[in-house]
Structures are given as C-alpha cells and as structure tokens.
Amino acid sequence: DQLLLTAPVSLTGVVMGKFLAMATIFLIPVALCAFCPLIIAMNGEARLLSDYAALLAFFLMGCVFIAIGMFLSSLTESQVIAAVLTFLVLFLGYMMDSICSIISSTGNLLTKLLRCFDLYTPFSNLLNGTLDVSSIVYYVSVTALVLFLTVQSIQKRRYSMSVKNLSFSAYSTGMIAVAV
C-alpha cells in the first residue's frame with residue numbers, strides 16, 4: 001500500500017493500469033476463442049456476426065466483473081474478504097432478474113431500480129445474434145462507473161492514511177519536545 005499510495009503516478013493511472021493489465025490477461029483466451037468461428041467457417045457454415053457478438057458480450061461482461069472485483073478489493077484489506085464479497089455481488093447480479101420477478105411481476109419503482117443491477121440480461125441480449133448497442137453502452141458505463149468508484153475509494157484511503165500519519169507525527173514531535 002505504501003508504494004501504491006506514494007507513487008508518482010496518479011491514482012487514475014494506477015487503477016487504469018491494473019484494470020487494463022487484468023483485461024489484457026482476460027482478452028488472451030477470448031482472442032484465442034475468436035479463431036474457432038473461422039475454423040468452423042472453413043469446414044462448414046458459421047454465423048460469424050452472432051459468434052463475434054457473443055465473444056464481445058463475454059469480454060465486456062468479464063471487464064465489468066474485473067472492475068467490480070477491483071472495487072471491492074479497494075474497500076477491504078483482505079483478499080479473501082474481497083473474493084467472497086465479489087462472489088456475492090456477482091451472484092446477486094446474476095439472480096437480479098429472478099429477484100425482480102419475485103418482487104413484482106408487473107414492475108414497480110423498486111424493480112426498475114433493481115434491474116439496473118442486472119448484469120446478465122444485457123449479456124443474453126447480445127447472445128441473440130444482434131449487436132445490441134444499449135447492452136454495450138451498459139457494460140462500458142458500468143465498467144467506467146465502478147473504476148471511478150475504485151479511484152475514489154483509494155483516494156479516501158490515501159487521505160485517511162495521511163491524516164492519521166499527520167496526527168501521529170504531531171504526537172511524536174510533541175513527545176520529543178517534552179522529552180528534550
């Protein structure tokens with residue numbers, strides 16, 4: 001944390017660097033999977049548009065999951081707690097459509113608000129073979145929002161540590177003056 005909090009790079013740069021590194025690692029197997037539709041097309045008939053739309057949806061959803069994991073990791077000190085919280089948040093995002101159906105079948109204000117946290121409906125919209133722009137915008141905006149919250153969380157930690165060190169330094173200086 002000390003290296004992170006005292007780095008000469010801005011916090012946005014640190015968070016974006018970490019996110020882009022994880023997204024690149026995630027992109028490698030997705031890029032390898034991009035060859036499969038081409039192999040299928042060489043040996044038969046393939047629907048390239050729907051196949052690549054599904055790969056795009058998978059990558060964008062993975063980027064949202066990575067960003068959520070980074071945010072929850074920035075809130076806690078323990079990696080285990082961050083992993084468990086990430087699992088719970090992603091599971092709630094997966095179950096949100098069912099939760100909204102249980103709350104109200106006609107749809108009220110609460111279900112409209114909860115549907116904003118439904119992470120899998122945009123994915124299924126993109127899997128239908130159509131390039132749904134609203135789903136792409138949803139995933140990109142959720143990723144950007146969560147990364148912004150991550151930067152703010154780390155900034156808060158940096159500020160609270162500097163204030164704590166400042167008060168500790170003032171106490172230490174006072175005690176040294178009294179001792180002298």
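Me: A disulfide is a pair of cysteine sulfur atoms within 2.5 Å. With that in hand, how do you know that Cys 100 is too far from Cys 116 for a bond?

Reply: Keep in mind that this is a predicted model. The sulfur of Cys 100 has its closest cysteine sulfur in Cys 116, at 9.2 Å. Set that against the cut-off of 2.5 Å, and the gap is too far for a bond.

Me: And what about Cys 33, where is its nearest cysteine sulfur?

Reply: By the disulfide rule the count comes to zero. For Cys 33, the nearest cysteine sulfur belongs to Cys 36 and is 5.5 Å away, and Cys 33 is in no disulfide.

Me: Which of these is buried and which partly exposed, Cys 33 or Cys 100?

Reply: Buried means under 20% relative accessible area, and exposed means over 50%. Cys 100 has 0%, so it's buried. Cys 33 has 38%, so it counts as partly exposed.

Me: Cys 100 is one of the buried residues of H5. What makes the span of that helix agree with its residue count?

Reply: H5 runs over residues 79-103, which is 25 residues. At 1.5 Å a residue, H5 should span 36 Å, and its end C-alpha atoms are 33 Å apart, so the two agree. H5 does have a kink of about 50°, though, centred on Met 95.

Me: What does the buried side of the story look like: which helices do the buried residues of H5 pack against?

Reply: They pack against helix H4 (48-75) and helix H6 (109-114). Among the buried residues are Ala 82, Leu 90, Gly 93 and Met 96.

Me: Why is Ser 78 called a cap on H5?

Reply: A side-chain oxygen of Ser 78 lies 3.3 Å from the backbone nitrogen of Val 80, at the N-terminal end of H5. A polar contact needs N or O atoms within 3.5 Å, so the pair makes the cut.

Me: How about the loop just before, what makes Thr 76 buried?

Reply: Thr 76 lies in the loop between H4 and H5. Its relative accessible area is 14%, and the cut-off is under 20%, so Thr 76 is buried. Its side chain reaches the backbone oxygen of Leu 72 at 3.5 Å. Thr 76 also touches Ile 81, Ala 82, Leu 85 and Arg 157, leaving aside residues up to four places away in sequence.

Me: Asp 118 is in a loop as well. How do you know whether Asp 118 is buried or exposed?

Reply: The relative accessible area of Asp 118 is 5%, so it's buried. The loop in question sits between H6 and helix H7 (121-127). The Asp 118 side chain reaches the backbone nitrogen of Tyr 120 at 3.3 Å. Not counting residues up to four places away in sequence, Asp 118 touches Gly 93, Met 96, Asp 97 and Tyr 138.

Me: Now the rings: how many aromatic pairs are there, and why is the Phe 65 and Tyr 120 pair called tilted?

Reply: The whole structure gives six aromatic pairs. Phe 65 and Tyr 120 are 5.8 Å centre to centre with 55° between the planes. Under 30 degrees would be stacked and over 60 edge-to-face, so 55° counts as tilted. Phe 65 lies in helix H4 and Tyr 120 in the loop between H6 and H7, so the pair ties together parts 55 residues apart in sequence.

Me: And why are Phe 87 and Phe 91 called stacked?

Reply: Their planes are 15° apart and their centres 6.2 Å apart. Stacked takes planes under 30 degrees and centres within 6.5 Å, so the pair qualifies. Being four residues apart in H5, Phe 87 and Phe 91 are separated by about one helical turn. Phe 87 is exposed at 57%, while Phe 91, at 42%, counts as partly exposed.

Conventions:
Residues numbered from 1 in each chain as written. Predicted model: local features only at pLDDT ≥ 70, side-chain atom pairs only at ≥ 80, totals over all residues. Heavy atoms only, no water. Helix = DSSP H or I, 4+ residues; strand = E, 2+ residues; numbered from the N terminus. Expected span 1.5 Å × (residues − 1). Bend = angle between axes of the 7 residues up to and from the residue. Buried < 20%, exposed > 50% of the residue type's maximum accessible area, 1.4 Å probe, protein only. Contact = heavy atoms within 4.5 Å. Polar contact = N/O pair within 3.5 Å; in protein donor to acceptor, adjacent residues only side chain to side chain.
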